[in-house]
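Visitor: I'm new to this structure and would love a close look at just one part of it. Could you pick a spot and walk me through it?

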Amino acid sequence: MKFELTTLEHTKNPDIKWALSELEKVKAQAVVAGDEERANNCWRESEALQLTLIYIEAFHKIKRKEYREAWYDLERCEIKCQFVLRNSSEEFCLNKNIFFINHQISNLQSLYPYCVFSSAGMVVGYYSCGICDHKIRPRSRCSHAKGKIYNGKLCVHVAHDIVLKEISIVSKPVQKYSVVHNDETLDFSVLEHLMAVLEEAFEEWDVIRTTRKFPIDMFFRVGLDSDCPCKGGGKFGQCCSKKGEVEIPHLDFVFRRDIPNLPGIKFPY
Ligand SMILES: [Zn+2]
Ligand SMILES: [Zn+2]
């Protein structure tokens with residue numbers, strides 16, 4: 001069956017739910033019949049469909065300024081994307097827009113002001129294979145590879161006897177769910193600016209990162225103890241305050257279609 005799935009309206013089509021449950025049914029039959037290829041195809045179709053749904057929802061949550069909820073959805077998308085990419089042909093990924101979604105997830109994530117995450121340090125007693133339950137030891141592994149699909153099921157390693165050791169604060173987390181910030185205190189104006197232009201999740205756009213130099217006089221409001229506008233990580237007083245000009249990060253958005261003239265973001269310092 002075919003249905004269109006690009007807008008928020010499309011995601012409410014009851015046929016999608018039906019298609020997902022049919023895919024589960026066909027997959028279960030294929031597993032019983034020993035038809036691994038068919039089972040894997042069902043997994044692929046189902047994951048691509050779910051991924052597209054979550055991506056469209058995340059996009060519209062950002063439009064509605066539900067930034068944190070959208071962030072969690074983007075992380076779910078990112079994880080699904082990695083597994084679909086690993087287990088599918090290039091042709092499949094092209095047809096299902098997986099490359100596009102994957103690219104736009106990281107584009108959108110990069111425009112978030114989040115930079116601090118918590119990360120749990122833990123000791124795992126042992127792992128077992130999610131496909132065959134084999135207890136994994138250094139010299140005893142089963143034939144299943146983590147992250148591959150077997151008979152329509154993704155192979156994960158299941159952790160047992162977990163002992164939590166510490167919580168640390170990191171800037172590049174393994175998983176991005178554990179945001180430490182309070183959204184109320186953050187500036188989402190870049191995303192807001194972008195979303196004022198974009199209407200649908202599958203519009204083509206990209207972001208180009210450069211830097212621009214501004215004369216030091218323009219930064220007279222920045223305190224010496226404040227973070228330096230160059231975003232180098234130091235304090236203004238110890239970083240660029242004595243230079244003639246400050247080079248700050250600059251973003252340009254590129255769109256496929258013509259867009260009406262929008263007011264630019266005003267100089268933030
Ligand atoms: Zn196994
Ligand atoms: Zn600086």
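**A look into the largest pocket**

Guide: Let's start with who builds the walls: α5 (98-110), α6 (189-195), β6 (205-215) and β7 (245-255) each bring at least two residues to the lining of the largest pocket. Keep in mind as we go that this is a predicted model. Among the contributors, β7 gives the most, with seven residues in the lining. The space inside comes to about 1,800 Å³. In total, 48 residues line the largest pocket, and if you head for its centre, the closest ones you'll meet are Asp 187, Val 190, Lys 231, Pro 249 and Leu 251. As for the chemistry of the lining, its residues split into 27 nonpolar, 12 polar and nine charged.

While you're here, take a glance at a pair of helices too. Helix α2 (residues 36-63) and helix α3 (residues 67-86) have axes that come within 9 Å and cross at roughly 155°. An angle over 145 degrees counts as roughly antiparallel, so that is how α2 and α3 run relative to each other. Their crossing is left-handed. On the α2 side, the residues that meet α3 include Trp 43, Leu 51, Ile 54, Tyr 55 and Lys 61. From α3, the partners include Tyr 67, Asp 73, Leu 74, Arg 76 and Phe 83. Sort the residues of this contact by type and you get 13 nonpolar, one polar and seven charged.

Terms used: Residues are numbered from 1 along each chain as its sequence is written. Chains are lettered from A and ligands numbered from 1 in the order in which they are written. This is a predicted model: local features need pLDDT of at least 70, side-chain atom pairs count only at pLDDT 80 or more; totals for chains, interfaces and linings use all residues. Side-chain values use heavy atoms; hydrogens and water are left out. Axes are lines fitted to C-alpha atoms, for helices over the stretch in contact, and angles run from 0 to 180 degrees between N-to-C directions. Helices (H or I, at least four residues) and strands (E, at least two) are DSSP runs, numbered from the N terminus. Angles under 35 degrees count as roughly parallel, over 145 as roughly antiparallel, 65 to 115 as roughly perpendicular and the rest as oblique. A crossing is left-handed if the near helix is turned anticlockwise from the far one by less than a right angle, and right-handed if clockwise. Contact means heavy atoms within 4.5 Å. Ala, Val, Leu, Ile, Met, Phe, Trp, Tyr, Cys and Pro count as nonpolar, Asp, Glu, Lys and Arg as charged, and the others, Gly among them, as polar. On a 1 Å grid over the protein atoms alone, a cavity is a set of points where a 1.4 Å probe fits but cannot get out, and a pocket is an open set with protein on both sides within 12 Å along at least five of seven lines; lining residues have an atom within 4 Å of a point. Grid points are joined across faces, edges and corners, and a volume is the space filled by probe spheres set on the points.
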